[in-house]
Each structure stands twice: as structure tokens, then as C-alpha cells.
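Student: I'd like a close look at one part of this model, and I want the geometry spelled out with cut-offs. Could you walk me through it in one go?

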Amino acid sequence: MITASCRLQGVDPYRYLVDVLQRVETRPMSQVELLTPRLWKKNFADDPLRSAIDRRFVNASACPVTPLHQVAGGNSVFERGLVERRALGVGFAH
């Protein structure tokens, strides 16, 4: 659901989650709505927080680890798992 909301807003789910998971602990509850994909794009997307792995590599092409959102032609491991589960009919009502 979060990845779908991100995509509807034109937000990269990986960048969004990396940023939001760091911001959520410092935000007061009264500002938590700023962390929804729609408002995050408006307020934080231009300068998102990065993970420790991202900070080690200034040049993303120098990173020896492929980010999950770039695995298998742009589909994340999570999304591939959903596709495989749907194909097998696992965990879904028929």
C-alpha cells in the first residue's frame, strides 16, 4: 500500500522509506501527516535523508550493492514476491 501511494505521487518508494524511517522518530505526532507520500514529496523530496550505505558512496555507480528497488529491471524483491504469490495463489482469497 505504501509503495502504491508512492507511485501514485511519483515518489521513489526506496528513497521515501529510507527518509521517512529516519524522520519518524524525530517528528511530533502533530506533524506525522507531513510524512505521507503526498506531503513528503512537497516538503522533503528535494533533499531526502539517505541511508548509511548511500552516504558511503558519493557516486551511486561506485556502490557495489544494487539497491532493492533496482533489482530485476526495477521491481523490488517485495514486489516480485507479491507477483510470485499471486501466480501461485498463495495468501490471496479466490
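Let's zoom in on helix α2: which of its residues are buried?

Tutor: Sure, with two bits of housekeeping up front. This is a predicted model, where local features need pLDDT of at least 70 and side-chain atom pairs count only at pLDDT 80 or more, while totals for chains, interfaces and linings use all residues. Residues are numbered from 1 along each chain as its sequence is written, and side-chain values use heavy atoms, with hydrogens and water left out.

Now your answer: P13, Y16, V18, D19, V20 and R23 are the buried residues of α2. Buried here means under 20% relative accessible area, exposed means over 50%, and partly exposed is whatever falls in between, with a 1.4 Å probe and protein chains only. Those buried residues of α2 pack against α1 and α3.

For context, the protein has five helices and zero strands, and its pattern along the sequence reads α-α-α-α-α. Helices and strands are DSSP runs numbered from the N terminus: H or I over at least four residues for a helix, E over at least two for a strand. Of the protein's 94 residues, 19% count as buried.

Let's start at the end of α2. R23 sits in this helix, which covers residues 13–23, and with a relative accessible area of 11% it counts as buried. Its partner D19 is buried too, at 0%. R23 and D19 form a salt bridge, with the closest N and O atoms 2.6 Å apart. The rule for that is a side-chain nitrogen of Lys or Arg within 4 Å of a carboxyl oxygen of Asp or Glu, and by this rule the count comes to one salt bridge. The two side chains are also joined by a polar contact of 2.6 Å; that term needs a pair of N or O atoms within 3.5 Å, and within protein one must be able to donate a hydrogen and the other to accept it, with sequence-adjacent residues counting only if both atoms are side-chain atoms.

Why can these two meet? R23 and D19 are four residues apart in helix α2, so about one helical turn separates them. An α-helix has 3.6 residues a turn, so residues three or four places apart point the same way. Side chains of opposite charge can pair when their charged atoms come close.

R23 also reaches out along the chain: setting aside residues up to four places away in sequence, it touches L35, W40, F44, D47, P48 and L49. Touching, or contact, means heavy atoms within 4.5 Å. From the other side, L49 lies in the loop between α3 and α4 and contacts V18, D19, Q22 and R23, again leaving aside neighbours within four places in sequence. L49 is partly exposed because its relative accessibility is 34%. Its C-alpha is 8.1 Å from that of V20, which is 29 residues away along the chain. S51 is in the loop between α3 and α4 as well, with α4 spanning 52–56. S51 is buried at 17%, and beyond four places in sequence it contacts Y14, V18 and Q22.

Next, the aromatic side of the helix. The count comes to one aromatic pair: Y16 and W40, edge-to-face, 5.4 Å centre to centre with 90° between the planes. It ties distant parts of the chain together, with Y16 in α2 and W40 in α3 (residues 37–43), 24 residues apart. To pair, rings of Phe, Tyr and Trp (its six-membered ring) need centres within 6.5 Å; planes under 30 degrees apart are stacked, over 60 edge-to-face, and the rest tilted. Both Y16 and W40 are buried.

V11, in the loop between α1 and α2, joins in here. Beyond four places in sequence, V11 contacts C6, Y16, P37, W40 and K41, and it counts as buried because its relative accessibility is 7%.
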